[in-house]
Amino acid sequence: MTSPPSICAITEHKELIRGDKLVLRGLKFHGYHGVKQEERKLGQKFLIDVDAWMDLRAAGTSDHLSDTISYTAIYAYSQISTVRVQVGKPHVAVHGPVDYLGVEIIRYRNADL
């Protein structure tokens, strides 16, 4: 998406976010979700950003692909300590100019904040 990550949300719980970060930006999907019937019938574009924190020191030391994670397998990787998912809807019916509206969710493996 066009905006920077939510620094405030990340730094508030900085002690829980350690290690290396896998970054997926600007994933685009067409989905059928929303409050209005038109959104559920016609669908709309969703923009997704994902940050996933994990320890990649072994991969950095060994330089072996088997010690890291594939972007396509991130959903099944059990060593992720924190994940931030931002979902944006760029085409919303609001008055005035807007890049997108959305939600950001942060989840921690060891603490539910």
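Along the sequence, this protein follows the pattern α-β-α-β-α-β-β. The model is a predicted one, where local features need pLDDT of at least 70 and side-chain atom pairs count only at pLDDT 80 or more, while totals for chains, interfaces and linings use all residues. Residues are numbered from 1 along each chain as its sequence is written, and side-chain values use heavy atoms, with hydrogens and water left out.

**Fold and confidence**

Task: State how many helices and strands the protein has, and find where pLDDT stays under 50.

Solution: Start with the elements. There are 3 helices and 4 strands, taken as DSSP runs numbered from the N terminus (helices are H or I, at least four residues; strands are E, at least two). Next, look at pLDDT, the predictor's confidence in each residue, from 0 to 100. The protein averages 82, and 82% of the residues score at least 70. The stretch to treat separately is residues 2-11, where pLDDT stays under 50. For this stretch the model has 14 contacts beyond four places in sequence, a contact being heavy atoms within 4.5 Å. Finally, turn to the contacts of the protein with a separation of 6 or more: 63% of them come from residues 24 or more positions apart.

**The nonpolar core**

Task: List the residues of the largest nonpolar core and name the strand that gives the most to this core.

Solution: Begin with burial, where buried means under 20% relative accessible area, exposed over 50%, and partly exposed in between (1.4 Å probe, protein chains only). Of the 113 residues in the protein, 30% are buried. Then join them up: a nonpolar core is a set of buried Ala, Val, Leu, Ile, Met, Phe, Trp, Tyr and Cys residues linked through side-chain atoms within 4.5 Å. The largest such core has 11 members, namely Leu-22, Leu-24, Phe-46, Ile-48, Val-50, Ala-52, Met-54, Leu-56, Ile-69, Ile-74 and Ile-80. Strand 1 (20-31) and strand 2 (44-54) each supply at least two of them, and strand 2 gives the most, with 5 residues. As a general point, nonpolar side chains tend to be buried together in soluble globular proteins. Now zoom in on one core member, Leu-22. Beyond four places in sequence, Leu-22 contacts Val-50, Asp-51, Ala-52, Met-54, Ile-69, Tyr-71 and Ile-74.

**The loop between helix 3 and strand 3**

Task: Place Asp-63, Tyr-75 and Ser-78, and decide whether Ser-78 is exposed or partly exposed.

Solution: Ser-78 sits in the loop between helix 3 (57-62) and strand 3 (82-89). Asp-63 lies in the loop between helix 3 and strand 3, and Tyr-75 has its place there too. Now take them one by one. Asp-63 counts as exposed because its relative accessibility is 70%. Its phi is near 60 degrees, a positive value in a residue other than glycine. For background, most residues other than glycine have a negative phi. Tyr-75 has a relative accessible area of 74% and is therefore exposed; its C-alpha atom is separated by 10.0 Å from that of Ala-52, 23 residues apart along the chain. Ser-78, at 47%, is partly exposed. From Ser-78 to Arg-109 the C-alpha distance is 9.5 Å, with their positions 31 residues apart in sequence.

**Tyr-32 and its partners**

Task: Which residues does Tyr-32 touch, not counting those up to four places away in sequence?

Solution: First locate Tyr-32 in the loop between strand 1 and helix 2 (37-42). Its relative accessibility is 52%, so Tyr-32 counts as exposed. Tyr-32 touches Glu-39, Arg-40, Lys-41, Leu-42 and Gly-43. Check one partner: Leu-42 is 10 residues away in sequence and 6.9 Å away, C-alpha to C-alpha.

**Arg-107**

Task: In which strand does Arg-107 lie, and how far apart in space are Arg-107 and Val-85?

Solution: Arg-107 belongs to strand 4 (residues 101-108). With a relative accessible area of 45%, Arg-107 is partly exposed. Arg-107 and Val-85 are 22 residues apart in sequence, and their C-alpha atoms are 8.7 Å apart.
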